[in-house]
Amino acid sequence: MKTTLVTTTINVPLLLRDYAENAIRYGHTDVDIIVIGDRKSPPETAAFCQTVDRICPCVYLDIAAQEKSLAGFPELLRHIRFDCIQRRNIGMLLAYRNGAEVVITIDDDNFVTNQDFVGLHAVAGTVREVPVYTSTSGWLDVCSFLEADDGVRFYHRGYPWNMRWTEGEHFTTTQRATRRIAVNAGFWLDNPDIDALARMERQPVVRGLKPSWTGNIALEPGTWSPVNSQNTALMRDVLPAYFLSPYVGRYDDIWASYIINRIAGHFGDAICYGEPLVRQQRNPHDLWHDLDAERNGMILTADFCRALRSIALTGVTYHRCFGQIADLLPQAWAEGHAWTESQRKWRSSLIEGMRLWHAAFEELAAPVPPCRGPAEAGSWEYSPRGPRVHA
């Protein structure tokens, strides 16, 4: 299974040597790495990536190389601005075009542990029996499976504020079930991915998974939790529906994950959480700046998710469903909220980017996986991958 690691960096990505060595140590030979540069990337990044390439195929694309690679998508390239982590969109699109079956996104402050990183993420795109959790609220706090110093309680960045501290009002059940895994979200040791406001107040230190942990867990379609874009594996079919907007602050990956939650539920696919673990040694951040970049997302997420859940999907691929959401979201998300000017810009820019992303994959003739149509109520089925045809 061809697996591609994608990252952006504003530092020389020294940690990639460990990722490459980890892949080789565990016998993964069909792995490569794409590093997307930016204006802040150190000039010596290219030379370092060449040293990684001697261990595991690794390519560094500076801005000129990115422009050449995406010459056929000028509007999308203009939309993905400079000096933003969302330039990893370029890496994901190129990985898809190069035939990756699984794409793993990492940040340049995620350090690999001794676990089989690629092997544990290889669940993405496979069908397997997993513990599946269902909540009557439609939400599950996946960070409740983590153990932090002093028992500090915290929520994943982007978890809706109206659903926090309400677990006692809802019921959660679990069963073992067979699901196709659309996304595998690995957790973090030390510094978890939480909101700036929570980080100012709580500063949790994660030591690991709780002792009751028995392997990666999945969420039943209809039960949601956010996924970030670090230590996250996406099966190939998801990529045409996974767009990180450069214009929605620190909610680019969060809102992208809620779109995937919606589409995965349509197909009866699952999102998994758990291993592999990475150790996050967080780059320096101005928490006040982070808070400014999260405020609109905090306010808008509940209504955004309400709008997503209200959209009836009929597409038979993630690509087609994403196109439907891009078309129907403006109307579904227009009501029930008093919009500020900055919030309107977030909304319009997100939708513009989604349409450009969809158009790019239209040009790539996004393949139709011969899986299944929309899951019927109370049923779920899967057909093995066969020959690809155009969407």
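# A walk through the model

The structure holds 4 cavities of 30 Å³ or more. Keep in mind as you click around that this is a predicted model.

**Stop 1: the second largest cavity**

Start by selecting L219, E220, P221, G222, T223 and W224, then add N261, A264, G265, D269 and I271. Show them as sticks and you have the lining of the second largest cavity. The volume enclosed there is about 50 Å³. What kinds of residues line the second largest cavity, by class? The lining has 5 nonpolar, 4 polar and 2 charged residues. Now colour by secondary structure: helix α8 gives the most to this lining, with 3 residues.

**Stop 2: the largest pocket**

Stay with α8, which covers 252-267, and add α9, at 287-310. Each of these helices supplies at least two residues of the lining of the largest pocket. About 1100 Å³ of space lies in this pocket. To centre your view, pick C84, I85, R250, H285 and D290, the closest to the pocket centre among the 40 residues that line it. Which helix provides the largest share of the lining of the largest pocket? That would be α9, with 4 residues. For a look at the chemistry, colour the lining by class: 18 residues are charged, 13 are polar and 9 are nonpolar.

**Stop 3: helix α5**

Next, select residues 88-97, which make up helix α5. Is α5 mostly covered or mostly open? Mostly covered: 9 of its 10 residues are buried. Turn on a surface and look for R88, N89, I90, G91, M92, L93, L94, A95 and Y96, which are the buried ones. Then step just past the end of the helix to G99, where phi is positive, at about 95 degrees.

**Stop 4: two more positive phi angles**

While you have backbone angles on your mind, jump to W165, in the loop between β7 (146-148) and β8 (172-190). Phi of W165 is near 60 degrees, a positive value in a residue that isn't glycine. Then go to Q203, in the loop that runs between α7 (196-201) and β9 (206-209). Here phi is near 50 degrees, again positive in a residue other than glycine. Is Q203 buried or exposed? Q203 counts as exposed because its relative accessible area is 57%.

**Stop 5: a cis peptide bond**

Select P276 and you will find yourself in strand β12, residues 270-280. Zoom in on the peptide bond from E275 to P276: that bond is cis, with omega near 5 degrees.

**Stop 6: the cysteines**

If you're hunting for disulfides, a search of the whole structure finds 0. Put C58 and C49 on screen to see why: the closest cysteine sulfur to that of C58 is in C49, 4.1 Å away, so the two are too far apart for a bond. C58 is buried, since its relative accessible area is just 9%. Now try C143, whose sulfur has its closest cysteine partner in C272, at 16 Å, so again the gap is too far for a bond. C143 has 3% relative accessibility and therefore counts as buried.

**Stop 7: I10 and its surroundings**

Head towards the start of the chain and pick I10, which lies in the loop between β1 (3-8) and α1 (16-25). With 48% relative accessibility, I10 counts as partly exposed. Add K40 to the selection and draw a distance between the C-alpha atoms: I10 and K40 are 30 residues apart along the chain, but these atoms are separated by 5.4 Å. What is I10 in contact with, leaving aside neighbours within four places in sequence? Show K40, S41, P42 and D108 to see the contacts.

**Stop 8: H358**

For the last stop, go to helix α11, residues 341-363, and select H358. Its 16% relative accessibility means that H358 counts as buried, because the cut-off is under 20%. Show H319, R320, F322 and G323 around this histidine: H358 touches them, not counting residues up to four places away in sequence. Finish by drawing a distance from the side chain of H358 to the backbone oxygen of H319, which the side chain reaches at 3.3 Å.

Methods: Residues are numbered from 1 along each chain as its sequence is written. This is a predicted model: local features need pLDDT of at least 70, side-chain atom pairs count only at pLDDT 80 or more; totals for chains, interfaces and linings use all residues. Side-chain values use heavy atoms; hydrogens and water are left out. Buried means under 20% relative accessible area, exposed over 50%, partly exposed in between (1.4 Å probe, protein chains only). A polar contact is a pair of N or O atoms within 3.5 Å; within protein, one must be able to donate a hydrogen and the other to accept it, and residues adjacent in sequence count only if both atoms are side-chain atoms. Contact means heavy atoms within 4.5 Å. A disulfide is a pair of cysteine sulfur atoms within 2.5 Å. On a 1 Å grid over the protein atoms alone, a cavity is a set of points where a 1.4 Å probe fits but cannot get out, and a pocket is an open set with protein on both sides within 12 Å along at least five of seven lines; lining residues have an atom within 4 Å of a point. Grid points are joined across faces, edges and corners, and a volume is the space filled by probe spheres set on the points. Ala, Val, Leu, Ile, Met, Phe, Trp, Tyr, Cys and Pro count as nonpolar, Asp, Glu, Lys and Arg as charged, and the others, Gly among them, as polar.
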